[in-house]
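The following paragraphs lead through the architecture of a protein model. Please keep the sequence and the structure in view while reading.

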Amino acid sequence: MAVHCAQAASAKSAAQAVTALKNVFQTLHADSCPYSYNFHMHTVCSDGQLPPKELVEQAVAIGLKGFAITDHHTIRGYQIAQEWLNSWQVSHPHEVAPDLWTGVEINADLLGVEVHILAYAFDPDYRGLEGYLQGRTVTGDAYRAERVIEAIHQAGGLAVLAHPARYRRSPDDLIPEAAHLGIDGVETYYAYNNPTPWKTSPRQTEEVATLGMQYQLLNTCGTDTHGRSLLQRL
């Protein structure tokens, strides 16, 4: 039991390792996803088609170095995946497991439009995040982007603006405002037209990367998987 508890504590600590995650974000490039890293994926715990166990099995089979499950307004998928990954590591002591960070995707209002904010490496037990982890979009003051970003930071995590070129306002408007509110990064490497094989969209990538550099933001990548394969969005 003591060994099991120590392993669980170690996994929790790794899942909240902000400095390590920042270092990874600083090394990402257009080819990092989907075979090395993937920081945007959904399970059946929100609107995805993959059970968490199958998602992790694919992550291991692909050879991912690190990833995060970012279900909408819930961390249940992450919790199940972390438990399975812990068990897998015990039964495969000579193999290297991919790093799994805590993650969630939260809806918020930014400049009058609904955007999605990805949270990473936060303490899942932080009470200030509870309202955002109930499986639904919050309302009122808590729905404002600045409140979401503040809650993520108070939980020790990083806040990232998901797919900045998918909204009713342009990245030129949204990214500067998000940066002003304290956002840590932008999802720079994203496939907006769901190509096969997955490939980050060149025009949007350049636009988002330029703005991210201007405002000194971290870059992230992800397939935004909702289907049966981590290598595609749908």
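Strands β4 and β5 run antiparallel and are joined by eight bridges. The model is a predicted one, and the description that follows rests on its coordinates. One of the residue pairings between these strands sets D109 opposite its bridge partner in β5, E114. The hairpin of β4 and β5 has two residues between the strands, and L111 there adopts a positive phi near 55°.

On from β5, the next partner is β6: these two strands are also antiparallel, with four bridges between them. Here A119 faces A159 of β6. How much of β5 is buried? Seven of its eight residues are, so the strand is largely enclosed by the rest of the structure.

Strands of a sheet pair through backbone hydrogen bonds, in either a parallel or an antiparallel manner. Both β4 and β5 belong to an open sheet of five strands, ordered β4-β5-β6-β7-β8, in which the pairing is mixed. The parallel sense appears between β6 (residues 158–161) and β7 (residues 185–189), which pair over two bridges. In this part of the sheet, V160 stands opposite G185 of β7.

The sheet is bounded by β4 (103–110) and β8 (218–221), edge strands that each pair on one side only. On average, and with direction ignored, neighbouring strands of the sheet are turned by 40° against each other. Helix α5 (residues 145–154) packs on this sheet and touches β4, β5 (113–120) and β6. The direction of α5 makes about 150° with that of β4.

A second theme is the arrangement of aromatic rings. With ring centres required to lie within 6.5 Å, the model contains six aromatic pairs. One of them is formed by Y37 and F39, whose rings are stacked at 5.9 Å centre to centre, with 10° between the planes. Both Y37 and F39 are buried.

F39 also pairs with W101, at 6.0 Å centre to centre; with 50° between the planes, this pair is tilted. Which parts of the chain does the pair of F39 and W101 tie together? F39 lies in the loop between β1 (37–38) and α3 (52–62), whereas W101 lies in strand β3 (residues 99–101), so the pair connects parts that are 62 residues apart in sequence. W101, like F39, is buried.

These contacts belong to a wider arrangement: ring pairs link F25, Y37, F39, W101 and Y120 into a cluster.

How values were computed
Residues numbered from 1 in each chain as written. Predicted model: local features only at pLDDT ≥ 70, side-chain atom pairs only at ≥ 80, totals over all residues. Heavy atoms only, no water. Phe/Tyr/Trp six-rings, centres within 6.5 Å; stacked < 30°, edge-to-face > 60°. Buried < 20%, exposed > 50% of the residue type's maximum accessible area, 1.4 Å probe, protein only. Pairing = 2+ DSSP bridges. Axes fitted to C-alpha atoms, helices over the stretch in contact; angles between N-to-C directions. Contact = heavy atoms within 4.5 Å.
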